[in-house]
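Here are my notes for you on this one, point by point. Keep the viewer open while you read and click along.

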Amino acid sequence: MKNIDPTTTNAWNSLKAHYDNLKKFDLKEAFKNSPDRAQEFTIEFEDFYVDLSKNLITPATREVLIDLANECKLDEAIQSYFDGEKINSTEGREVLHTALRTPLEKADSNIKSYVKDAQASREKMFTYVDQVLTGEITAANGEKFDTIVNIGIGGSDLGPVMIYQALEAYHNDLKLHFVSNVEGDHVMETLKKIDPATTLFVIVSKSFGTQETLTNATTIRNWFKEQVNEDAVGKHFIAVSSNVDRAVEFGVAQDNIFPMFDWVGGRFSLWSTVGMSVALGVGTSNFQHLLNGAHAMDEHFKDAEFRDNIPVQLALLTIWYNNFFKAQSEAIIPYTQYLKELPAYLQQAIMESNGKSISRDGIPINYETGNIVWGEPGTNSQHAFFQLIHQGTKLIPAHFIAFAKAKYQQPDHHNKLIANFIAQTEALMNGKTREEAREDLKESGKTADEISKLLPFKVFPGNRPTTTIMIDELTPASLGKLVAMYEHKIFVEGIIWNVYSYDQWGVELGKKLADTILNDIETSKSDGHDASTTALLNKFYSVNR
Ligand SMILES: O=P(O)(O)OC[C@H]1O[C@](O)(CO)[C@@H](O)[C@@H]1O
């Protein structure tokens, strides 16, 4: 993989010039002048319809962005990624979450051993899940498990939470809870809802060294011993980890440890045994469909020309807005409650990956990298933050995601939902001119005086870019494709920004800082810090005295 500063490429300079020329670009005009624009900028792949046409681009923009990808040797990088080269250089690891969903018969020779290991660990997980679901494996009292508590944080929580929520229509009878925060109140509120005698606890931690997870697992285990008994722990606590020794040390029976691999990053691990709780909650067949969908997107990403490649085009658009329009953020608006956890999941996946300011050559970067992502489902978000997207001073490119077919037959609801989904992208593009706003006010019976006072507030600038992703239906397979699409988008951005996307040293520092303060709190110490920190510690002591 070559380290190329993108700002030194010819394409970067061309994009700067192109951006200057495009300042007067008007989306509405672009559609009028080019009847094929919608078609020209839409990519269809299986059940995905990705409409890029409401973006601030011309065919020339796309060509120069592709030149940028070529000059940054994206094709070679994709090869290295799928070939299992150690592209996570600062940790000396491969980045092979794609191997978790590659069928063995399709695996190239250089990744065959990884795919075999992935298959073996998946088989162990599937066997266990099937046995729990059929009642072959039971709680210590011989009853079937009816509740699962997933104990993990970050990638060991956000992915499973998001997928489980997204697949609500596929849930079986098991009740799932997720405990992540180290907050004791969060733990206690969950324990209030469950019967320990029929609950299976899944401790998920790649490192088995994360403060939050180990604290929560210890508290829950102690509570369980009091509620049931010590001997039952072995049947009720299982672990997913790449650190088997630590899991054993914690007291999990060797047979109940489901290995994951250090060649899969935490935030990309939901496809592995980290998906244990999801597999329990939706069954192994749905879990397999999720993997199959992700694999289909892997193949698309690996094989499609950059011009027709969904993750590549999405990433190039992000770079276009981030680096040339100086847009700081990107909104993710799923028009479905099923995907309400998607923005939070993507915040970790995207911001932990590309929130970097040192290049792959180890020197500070002088251009913008990872953007901020945020969002909430529509239509709720229309009644919350859309005002800022429509009329604020910031440019917020937005992804609109919806499923054409609903899970239940409620056409009145679904028609309204989709009408809003489409209408918002149209409104963001068209805005409202002074003349249109004046006409509206006249029609509503306002006087000339009222019209002149209200008019400035009723004008919408429009020309706000959106990408529309319409998928036929939410299924485990289409969900797998959607998540893999974002994973590959992250990869492309990292390659072009010339950063290492697969480490997270900033988060590691945060963990150490908390340890120092914890030590102070445990010994009631407050000196040795800045005045603000000392005062905060003293305030905390005074309330808890
Ligand atoms: O699975 P683990 O090792 O407990 O780590 C949890 C999370 O902590 C991080 O290392 C940092 O937040 C994430 O990358 C990871 O997903």
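1. Start with the hairpin: strand 1 and strand 2 form one, with 2 residues between them. Glu-46 sits in that turn and has a positive phi of about 45°. Bear in mind as you look around that this is a predicted model.

2. Now check how the two arms of the hairpin line up. Strand 1 (residues 42–45) pairs with strand 2 (residues 48–51) in the antiparallel sense, over 4 bridges. If you want one pair to click on, take Ile-43, whose bridge partner in strand 2 is Val-50.

3. Strand 2 has another partner, too. Strand 11 (residues 466–473) is joined to strand 2 by 4 bridges, and the two run antiparallel. Here Tyr-49 stands opposite Met-470 of strand 11. A bit of background for these pairings: strands of a sheet pair through backbone hydrogen bonds, either parallel or antiparallel.

4. Next, find the open sheet built from 5 strands. Their order is 4-3-5-6-7, and the pairing is parallel. Strand 4 (175–179) and strand 7 (257–259) are the edge strands, each pairing on one side only. On average, neighbouring strands of this sheet are turned by 20° against each other, direction ignored.

5. Zoom in on one pairing of that sheet. Strand 3 (residues 147–151) and strand 4 run parallel and are joined by 5 bridges. Thr-147 has Lys-175 as its bridge partner in strand 4. Then look at helix 9 (residues 211–227), which packs on the sheet and touches strand 3, strand 4, strand 5 (199–204) and strand 6 (237–241). The direction of helix 9 makes about 145° with that of strand 3.

6. Which residues does UniProt list for "active site"? The unreviewed entry gives Glu-352, His-383 and Lys-511. They span 160 residues in sequence and the farthest two C-alpha atoms are 36.8 Å apart, so they do not all gather at one spot. I'd keep that in mind when reading the annotation.

7. Is Glu-352 buried or exposed? Glu-352 counts as buried because it has 22 C-beta neighbours inside 10 Å, and the cut-off for buried is 20 or more. Glu-352 lies in helix 15 (residues 342–354). Leaving out residues up to four places away in sequence, Glu-352 touches Arg-267, Gln-504 and Val-507.

8. His-383 is another story. This residue lies in the loop between strand 9 (372–374) and helix 16 (386–391). With 9 C-beta neighbours inside 10 Å, His-383 counts as exposed, since the cut-off for exposed is 12 or fewer.

Methods
Residues numbered from 1 in each chain as written. Predicted model: local features only at pLDDT ≥ 70, side-chain atom pairs only at ≥ 80, totals over all residues. UniProt positions renumbered as here; feature names shortened; annotations may be inferred. Contact = placed C-beta atoms within 7 Å. Pairing = 2+ DSSP bridges. Axes fitted to C-alpha atoms, helices over the stretch in contact; angles between N-to-C directions.
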